[in-house]
Amino acid sequence: MAFIKDTIEKLKQTSPAQSEFYQAVEDVLESIEPIIEERPKYQKQGIIERLVEPERQIMFRVPWVDDEGNVQVNKGYRVEFNSALGPYKGGLRFHPSVNAGIIKFLGFEQIFKNALTGLPIGGGKGGANFDPKGKSDAEIMRFCQSFMTELHRHIGPNTDVPAGDIGVGTREIGYMFGQYKRLVNRFDGVLTGKSHLWGGSYVRKQATGYGAVYFAQCLLEDSNETIEGKRCLVSGSGNVAIYAIEKLYELGAKPVTCSDSSGTIYHEQGIDLDLLKRIKEENHGRLHEYLETHENAQYTSREDYPDDGHCVWRYKGDIAFPCATQNELTDKDAQALLENGCRYIVEGANMPSTQGAVDLFIESGVGYGPGKAANAGGVATSQLEMAQNASMLRWSFDEVDCKLQSIMRNIYRDSKRTAEEFNHPSNLVLGANIAGFRKVADAMLEQGVV
Ligand SMILES: NC(=O)C1=CN([C@@H]2O[C@H](COP(=O)(O)OP(=O)(O)OC[C@H]3O[C@@H](n4cnc5c(N)ncnc54)[C@H](O)[C@@H]3O)[C@@H](O)[C@H]2O)C=CC1
Ligand SMILES: O=C(O)CCC(=O)C(=O)O
C-alpha cells in the first residue's frame, strides 16, 4: 500500500537520519495494512500521520561537573509520544549512542507495547548520551541531579512517568527521585522502578526478564512443550538478562550464555547467576571478570568476533532471548540460529532483531515473540507500581507476580487471537502490532483531532 512508502519518505524529509525510528515505524505500518484497508476512517482521520509525530519532544542541556572539576555537557531528551490511553510512560536510557532517532524509535514502540498491556498508559521515552561506564558514584549522582533539574518541569504522576532502561537502574532512579522531591517539595509517584524502601513495587526489578520467560511459556505451551530442560541462549547481562536467567533456572531450563558490549560468555554447565549479579548488578563491572572464577567458561571479546551482530547467536540452543540492545541479532545471526536448530526466539530487548532477521523467523515458522509483546512485563509492572503509589498501598511479591503472569498471558492471547483473525495464525508480529494499534487508534478517534 502506498501509505507505507509515503509515510517513510515524509519522515525521512521531516526527521532526517533517524534510521531506527523508520525501522520501527515500517514494522508497525506493514503489519497494520489489512486493518487500514478494512477501516478507511483511520486514514481519513489522519491517524497514521498523527501517530508517527510525537505529541511533544523535549531536548535539553545537561551540564555537570566530573570528579576532576571539569564541566561536562550531555544532551538530554524526553519524547512524549502519545497520550491517547493514559499518561506518557516509558524508560530513560543513559548510553553514549542515544540520539533523537533512538529515543523516537523506543517511544514509538512503547505506544503499542503499553496498549497491549491493557493498562491505562500512553507512550514516551527519554534519556541522554551520557556514558555511565567508568563513572564514579558521585559523578552518576551529579549527572542524575542535573538531568532531573530540567526534566522535573515536564513530568508528573498524571502527566508523564519515566522509569529505567539501559544504564538506568534503581541507583539512578533514586538520585533522580531525590532531586525531583527537593525541587517540587512533594513525594509523588513520578518515577517507577523505585527502591522498595520508598514506594517501589515488588517484582518491578525482575518484571521484564520474568515476563519474557512467562511469554515464552505461553508460546511453548501452544506446541505442547515446556521450558524445562531447554538450553537457552541469552544476550546482555543487565536487568532484563539477569532476571530472564533467574526465571529460566526456576523453571528448570539451562541458560548457557550472556554478554556485554565488550564480549560474550559461554558456560556449558550453565551461567553462574550469583556471580553474574555480583559482577554486573552490585559492582557495575565487566563480563570478562567472570573468568576469574570460572576458567572453564569461554569468553569471546568483541574484537575477536569477525562478524556484525552477536557471538551469542552462533551457539546451539533451543530458545534464544535477545536481552541487550536494538539490532543486536542480524540476518546472519538469524540464519545461524535456525541452522543450529533453535526453535523459539523471545525478545527481552527492544527491536533486537534486524528486519531481515524478523522476516527469516516468520518465514521459517519458528516461534517468535516480538519485543513489544514479550518484554511488556516491565512497563506493566511499572503501572502496578503507579497504582500502588496512587492508593498508598503496597502489594506482596506474590500478588504482583500473579498479576504479571496474568498480564503476560493476556498479551500472548490477544496477539495470537488477532493474528488468527487476520489469517496469519503464527505471526505474532502482525498480531501484536494490530492488537496494540487498534486500541490506540480507536481511542484517538474518540478523542477527536488533537
Ligand atoms: N529495564 C526494563 O525494564 C526494560 C528494558 N527493555 C530493553 O531491554 C534491553 C536491555 O535493557 P536493560 O537490561 O534494562 O539495560 P541494562 O543497562 O541493565 O543492561 C543492558 C545490557 O546490555 C548490554 N549491552 C548494551 N549494548 C550492548 C551491545 N551492543 N552488545 C552486547 N551487549 C550490550 C550491556 O552491557 C548491559 O549488560 C534494552 O533493549 C531495553 O530497551 C525493554 C523493556 C523493559
Ligand atoms: O517501566 C517503564 O515505564 C518503561 C520500561 C521500558 O522502558 C520499556 O518497556 O522499554
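**Exercise 1. Find how far apart the C-alpha centres of domain 1 and domain 2 lie, then describe the contact from the side of domain 1.**

Solution. Step one: in this predicted model, the C-alpha centres of domain 1 and domain 2 are 25 Å apart. Domain 1 covers 2-186 and domain 2 covers 205-369 of the protein chain.

Step two: count the residues in the contact. Domain 1 gives 10 residues, and domain 2 gives 8 residues.

Step three: look for the elements on the side of domain 1 that touches domain 2. Both α2 (19-38) and α5 supply at least two residues there, and α2 has the largest share, with 4 residues.

Step four: sort that side of domain 1 by class. You should get 4 nonpolar, 3 polar and 3 charged residues.

**Exercise 2. Work out which strands stand at the edges of the sheet β8-β9-β10, and why one side of each has no neighbour in the sheet.**

Solution. Start with the order: this is an open sheet of 3 strands, β8-β9-β10, with antiparallel pairing. The edges belong to β8 (257-260) and β10 (298-301); each has a single partner strand, so one side of each is left without a neighbour in the sheet. On average, neighbouring strands here are turned by 15 degrees against each other, direction ignored.

Now zoom in on β9 (residues 263-266), which pairs with β10 over 4 bridges in the antiparallel sense. Opposite G263 you will find S301 in β10.

**Exercise 3. List residues that surround ligand 2 and sort the shell by class.**

Solution. Among the surrounding residues are K89, Q110, K113, D165 and S382. Next, β3 (88-94), α5 (100-116) and α14 (377-391) are the elements giving two or more residues to this shell. Finally, the classes: 2 nonpolar, 7 polar and 3 charged residues.

Definitions and conventions:
Residues numbered from 1 in each chain as written. Chains lettered and ligands numbered in written order. Predicted model: local features only at pLDDT ≥ 70, side-chain atom pairs only at ≥ 80, totals over all residues. Pairing = 2+ DSSP bridges. Axes fitted to C-alpha atoms, helices over the stretch in contact; angles between N-to-C directions. Near = placed C-beta within 6 Å. Nonpolar A, V, L, I, M, F, W, Y, C, P; charged D, E, K, R; others polar. Domains from an automatic or database assignment. Contact = placed C-beta atoms within 7 Å.
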